[in-house]
Amino acid sequence: MNGKRTATCGPFFMRIREYRIHSIAMADPPLRSSYGLHQPYALRNVIELESEDGIIGIAETYGGEQPAAALEAIRQQVLGSCPYRLTGDLSLMVEGGTSGHERSQTYNVPGENPLDADARTYSAIETACLDLIGKSVGKSVCDLIGGRVRERVPFSAYPFYKHAGGGGEGEDAREDEYGESLSPEALVGQVQQMREQYGFGSIKFKGGVLEPGVEVETIRQLRQALGQAVPLRIDPNCAWSVDTSVKVGQDLAEELSKGGYLEDPCVGLDGMAEVRRRLLADGIDTPLASNVAVTSFGDIPEAVRQDAVQVVLCDHHYWGGMRQVQQLARVCRTFGIGLSMHSNSHLGVSLMAMAHVASATSHLTYACDTHYPWQSAIDEIAEGGRIPIVEGCVAIPDKPGLGVTLDYDQLERGKERFLTCPYRKRDDEAEMRKHVDSEWTRKLPRW
Ligand code: GKR
Ligand code: MG
């Protein structure tokens with residue numbers, strides 16, 4: 001990898017003269033998952049690449065110290081390089097050359113997996129380069145990466161069991177928009193509220209928190225409240241044994257049909273494959289989805305061989321960028337596997353990047369996940385405020401690049417929040433021990 005190679009970029013030479021990395025924090029409500037409990041602040045890193053003529057490309061990625069250090073480590077390769085060439089120069093980061101790891105299957109919280117660290121760093125650079133190029137030539141990112149196949153990108157509601165509280169701490173504690181939701185009834189109320197506000201047409205429900213029987217009841221009540229037309233998915237993040245996964249698959253055979261799926265019910269490809277075989281033997285064809293057992297191209301051959309995963313959740317943030325996601329889509333299509341999109345707590349710059357790659361990926365067969373409703377305008381760093389989600393969709397704006405620029409006052413507030421909050425990485429287990437159960441450790445399977 002030699003950033004200076006880009007000095008030969010040719011007559012249309014554009015040089016990156018500034019590279020800025022901003023570590024920010026945003027309030028995050030006490031959401032539960034099998035990882036534990038969300039901290040009062042979620043962390044993000046935002047980067048800016050500024051060209052010699054003052055055009056700025058931006059990207060948002062996983063937060064905290066380690067991802068910021070990884071972004072810092074490539075400063076010399078970035079500075080002075082050409083945004084058309086930089087991703088080529090850094091391509092070993094996503095071709096297995098620097099990490100040596102072909103597979104990146106992980107049970108760490110997303111953003112803390114050392115095996116996809118290079119892919120995450122590369123992705124942030126790629127996104128910012130595409131934004132910079134788009135802004136310099138007056139074209140949208142989705143059109144630079146192959147052209148939009150949809151103008152409006154559908155997202156799902158992402159309900160969580162949660163404790164009371166809206167996130168933030170002390171004087172910065174936020175209003176609790178959704179209230180405590182630790183029962184099926186409260187969860188249904190949360191979904192209805194989200195649907196009223198954003199018009200979501202499908203539901204991705206985060207399970208792995210309460211007894212499986214209660215989570216089955218939650219899905220049943222959702223079906224009853226929402227009717228037959230709304231696809232329902234449940235994701236316990238590997239909290240269940242194979243037997244429990246099969247039982248839930250049987251109990252929810254009807255509810256998860258019609259565009260739904262069962263996501264990462266148990267640990268590993270062998271377990272997922274067994275769940276699949278046993279459900280099929282019962283005549284239940286509910287697809288199994290994953291963003292845990294399949295997180296890199298190296299995971300795909302075994303997943304296909306065992307028919308362990310019928311839907312892969314892409315995520316440009318850790319799959320190595322937008323073009324890698326498009327390649328993933330093609331591979332999935334080739335093997336008859338569906339494609340959905342994973343999310344983690346994020347702000348509007350990430351939401352727009354997710355929308356652009358989704359817009360230019362024809363084989364995206366499900367509405368994308370997004371945590372966006374869990375964040376608030378107080379933390380938004382996008383100029384103009386929150387990105388609208390209307391009828392469950394994000395529209396590709398008629399603007400160059402990602403269609404979003406930074407609000408620098410808001411960015412400063414986010415940086416200040418990061419500096420004053422005590423969190424430097426995501427640690428849901430520690431947070432769980434602090435507030436819910438002092439003995440708690442992540443256990444897979446729990447049930
Ligand atoms: O936000 O707690 C969370 C989720 O559990 C998230 O970290 C997962 O990565 O959304 C994710 C998923 O689909 O597994
Ligand atoms: Mg998942």
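Me: How many salt bridges does the rule find across the interface of domain 1 and domain 2?
Reply: This is a predicted model, in which local features need pLDDT of at least 70, side-chain atom pairs count only at pLDDT 80 or more, and totals for chains, interfaces and linings use all residues. Side-chain values use heavy atoms, without hydrogens and water, and residues are numbered from 1 along each chain as its sequence is written. A salt bridge is a side-chain nitrogen of Lys or Arg within 4 Å of a carboxyl oxygen of Asp or Glu. Across the interface of domain 1 (3-139) and domain 2 (143-407), bounds that come from an automatic or database domain assignment, the rule finds one salt bridge.

Me: Which residue meets Glu-126 in a salt bridge?
Reply: The side chain of Glu-126 takes part in a salt bridge with an N to O distance of 3.0 Å. Its partner is Arg-323.

Me: Which element gives the most to the side of domain 1 that touches domain 2?
Reply: Helices (H or I, at least four residues) and strands (E, at least two) are DSSP runs, numbered from the N terminus. The elements that give two or more residues to this side include strand 1 (16-27), strand 4 (41-51) and helix 4 (117-137). With twelve residues, the element that gives the most is helix 4.

Me: What area do domain 1 and domain 2 bury between them?
Reply: Buried area is the accessible area (1.4 Å probe) that two parts lose on being put together, summed over both. Carbon and sulfur atoms carry 59% of the area buried between domain 1 and domain 2, and the area itself is about 4500 Å².

Key
Chains lettered and ligands numbered in written order.
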